[in-house]
Every structure is written in structure tokens, then in C-alpha cells.
Amino acid sequence: MRDKFEGCMADLGGMTLALKAQKALGEAAIPSTVVKGGSSSFGSRGCSYGLHFSCAQRQNVESVLASEGIRVKRWIQES
């Protein structure tokens, strides 16, 4: 499913927060995938979780997460 997205990720920290964020995005009809840190595209933060989504949806993702009070540690755009 990851190949479907154009390589944007939001580093959220814990798995519970990543799942909460994925649910919020799903309710806004924005597809995403929960990813675990340590993957080559996500960086070396092995205990961190985040979301992978289409870069075309970045502004929408930012808006939804902000409205839910979910803080993003860092934004990553794969090249």
C-alpha cells in the first residue's frame, strides 16, 4: 500500500498517537499508512511511529491533525 503514496511522512512519536491520527485522517477521507521508525525512508528512530501519506494531501493532513490537537515532531518528504 505504501507505493500508492508520493512519499510524505509525519513523525508522531508513539503508536497510539499514530493510530489516533490515522483514524482522524480516515474520517476526513485522507488515506494513510502507519509506519514504524527504523525504515530507511523514516530515519533511524526505531521507537517512533508516524504516518505515510500522499504529498498532495499535506495541507489537508496538517489541518486535520491540528484540529485534533495532534503535534507532529517532524515532517519528512521522501525523494
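1. Let's start in the middle of the sheet: A10 has L51 as its bridge partner in β3. One position along, D11 is matched with G50, also in β3. Both belong to the antiparallel pairing of β1 and β3, which runs over 5 bridges. Keep in mind as you read that this is a predicted model.

2. Now zoom out to the whole sheet. Four strands make an open sheet, ordered β2-β3-β1-β4, with antiparallel pairing. The edges are taken by β2 (33-36) and β4 (74-77); each has a single partner strand, so one side of each has no neighbour in the sheet. On average, and ignoring direction, neighbouring strands are turned by 30° against each other. As a reminder for the bench, strands of a sheet pair through backbone hydrogen bonds, in either a parallel or an antiparallel way.

3. On its other flank, β1 pairs with β4, again in the antiparallel sense, this time over 4 bridges. Here C8 stands opposite Q77 of β4. How much of β1 is buried? Of its 6 residues, 6 are buried, so call the strand mostly covered.

4. The helices come next. Helix α1 (residues 15-27) lies across β1, β2 and β3, and runs at about 25° to β3. Helix α2 lies across β1, β3 and β4, running at about 160° to β4.

5. Which cysteines form the disulfide? A search of the whole structure turns up 1 disulfide, and the bond joins C8 to C55, with an S to S distance of 2.0 Å. The two cysteines come from distant parts of the chain, 47 residues apart: C8 is in strand β1 (residues 8-13), while C55 is in the loop between β3 (49-53) and α2 (58-67). The torsion about the S-S bond is about 105°, so this disulfide is right-handed. The C8 end is buried, at a relative accessible area of 2%.

6. The same search approach gives 2 salt bridges for the whole structure. One of them pairs D11 with R74, with the closest N and O atoms 3.1 Å apart. This pair also links distant parts of the chain, D11 in strand β1 and R74 in strand β4, 63 residues apart. Is D11 buried or exposed? D11 counts as buried, because its relative accessibility is 0% and the cut-off for buried is under 20%. R74, at 30%, counts as partly exposed.

7. The other salt bridge is between E62 and R58, where the closest N and O atoms are 2.6 Å apart. These two are 4 residues apart in helix α2, which means that about one helical turn separates them. E62 is partly exposed at 33% relative accessibility, and R58 is partly exposed as well, with a relative accessible area of 26%. In general, side chains of opposite charge can pair when their charged atoms come close.

8. A residue to look at in the edge strand: V35 sits in β2. V35 is buried, with a relative accessible area of 7%. Where does H52 lie relative to V35? The two are 17 residues apart in sequence, and 6.6 Å apart in space from C-alpha to C-alpha.

9. Last, a backbone oddity. A29 has a positive phi of about 60°, although A29 is not a glycine. You'll find A29 in the loop between α1 and β2. With 65% relative accessibility, A29 counts as exposed.

Technical notes. Residues numbered from 1 in each chain as written. Predicted model: local features only at pLDDT ≥ 70, side-chain atom pairs only at ≥ 80, totals over all residues. Heavy atoms only, no water. Disulfide = S-S within 2.5 Å. Buried < 20%, exposed > 50% of the residue type's maximum accessible area, 1.4 Å probe, protein only. Pairing = 2+ DSSP bridges. Axes fitted to C-alpha atoms, helices over the stretch in contact; angles between N-to-C directions. Contact = heavy atoms within 4.5 Å. Salt bridge = Lys/Arg side-chain N within 4 Å of Asp/Glu carboxyl O.
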